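The following note sets out several points on helix packing and the nonpolar interior. Please read it alongside the model.

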Amino acid sequence: MTPEVFILGGAQSDFARNIAREGQTLFDLFRDVAEASFAATRIEPGEVETAHVGNFVGELFAGQGQLGGFFGHVHPDLSGVPASRHEAACASGSIALLAAAAEIEAGRYDLALVLGIELMRNVPGQTAAEHLGAAAWAGQEATSARYLWPYMFSQVEEEYEERHGLDRAHLRAISENNFANGKRNPNSQTRGWAIAEDHLGDNDEANPRIEGRLRKSDCGQVTDGAAAVFLASRDYAEKWAARCGIPLSSVPRIKGWGHTTAPLLYQRKINDSKGQPYVFPFVRKAMTDALRRAGMDDIYACDGVEVHDCFSVTEYMAIDHFGITPPGQSWRAIEDGTIALGGKLPVNASGGLIGSGHPVGATGVRMMLDSWRQVSGNAGDYQIDGARNVATFNVGGSATTACSFVVGV
């Protein structure tokens with residue numbers, strides 16, 4: 001059997017912060033979240049044996065690479081600890097988690113610190129859009145788009161309409177649900193926003209069209225933020241649990257994982273999936289691999305799901321690809337309340353990317369942290385009652401990189 005990987009908790013920044021406006025830097029954000037994670041878990045820096053960073057475009061937004069070198073500036077005891085930086089666009093944080101988990105499974109190390117981070121609000125919106133466009137094939141696709149990713153995911157909406165039919169009212173309902181959940185989350189970027197009906201509808205002034213079919217309310221947020229979690233072997237987790245006075249059986253662990261990488265070009269992916277039940281079959285495979293490794297027959301063995309709603313249509317896609325509904329019928333889970341907090345299988349109780357925020361390199365780690373919160377009963381006002389298993393889906397690019405985890409106790 002594969003050795004177990006336990007999750008000991010961590011911390012995240014307040015996603016409503018504007019770091020540059022505060023006069024702070026990428027390192028300040030990195031340090032603050034690392035220090036908060038030590039304080040939250042009662043772990044000492046000298047116990048960390050390996051460290052991983054998820055980050056997409058620190059070089060473009062902040063002119064900074066080599067982020068693993070930041071750990072030694074957080075605390076002297078982290079100097080000399082092997083550290084790696086991982087990039088897979090918006091799935092960078094999940095790739096960092098996979099790498100850390102693999103090291104623990106291999107027996108190399110017993111305790112890993114995984115931190116995801118992105119600084120994105122320090123440049124104008126158009127510049128941010130250009131930087132984030134690096135996750136597409138530069139010069140080969142979406143060359144006429146002003147905002148590349150809204151343009152690309154508008155095409156996903158068109159593909160769903162062509163294959164299955166699509167009512168935009170269901171996409172508006174996804175955004176409405178995630179904004180509502182975000183108000184319950186004390187770290188949510190939008191928790192203080194006043195969202196009126198016009199902000200979700202077809203009013204061009206209150207809810208302007210961004211690219212193609214997508215309006216402002218369909219889009220995840222441009223966010224500054226970081227999140228960190230500790231992953232541990234059974235040996236370390238046993239000692240840590242005894243120190244904290246809790247049974248090991250109550251400590252969440254990674255029960256399953258899935259990871260696929262499709263061809264970079266969006267149109268290649270769509271052409272390859274023509275005639276198949278799923279628009280993105282490799283997304284489906286990452287999800288089902290995670291469930292299979294967790295020993296679960298289907299997604300309803302979980303109590304909640306955190307999915308990558310960079311756009312409302314991305315969540316719509318995730319609903320049927322996870323098997324919450326048959327292919328093309330995601331609307332059923334929206335209409336019958338399945339995905340609502342308190343529903344049969346809540347989706348994005350945290351608010352997701354639309355409600356909570358999307359600091360790109362941090363998103364996969366934040367999803368892992370929120371899953372830990374749910375199954376350990378630490379999610380506060382957005383707690384899913386009785387949650388014991390939560391699945392995640394984190395995507396990079398136009399469904400190029402797909403990562404999924406099952407976290408449970």
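1. The face of α8 directed away from its buried side bears Lys239 and Ala242, both exposed (over 50% relative accessible area, buried being under 20% and partly exposed in between; 1.4 Å probe, protein chains only). Helices are DSSP runs of H or I with at least four residues, strands runs of E with at least two, numbered from the N terminus.

2. This is a predicted model: local features need pLDDT of at least 70, side-chain atom pairs count only at pLDDT 80 or more, and totals for chains, interfaces and linings use all residues. Residues are numbered from 1 along each chain as its sequence is written, and side-chain values use heavy atoms, without hydrogens and water.

3. In α8 (residues 234-244), Tyr236, Ala237, Trp240, Ala241 and Cys244 are buried. Viewed down the axis of α8, these residues fall within an arc of 130 degrees, so they line one face of the helix (the arc is that of the directions from the helix axis to the C-beta atoms). They pack against β1 (6-12), α1 (26-41), β4 (111-118) and β7 (225-232), where contact means heavy atoms within 4.5 Å.

4. Gly245, just after α8, adopts a positive phi of about 75 degrees.

5. The largest nonpolar core comprises 61 residues, and Phe322 and Phe393 are among those with the most contacts inside it. Such a core is a set of buried Ala, Val, Leu, Ile, Met, Phe, Trp, Tyr and Cys residues joined through side-chain atoms within 4.5 Å. Helix α6 (residues 148-164) contributes the most to this core, with six residues. A second, separate core of 36 residues includes Ala237.
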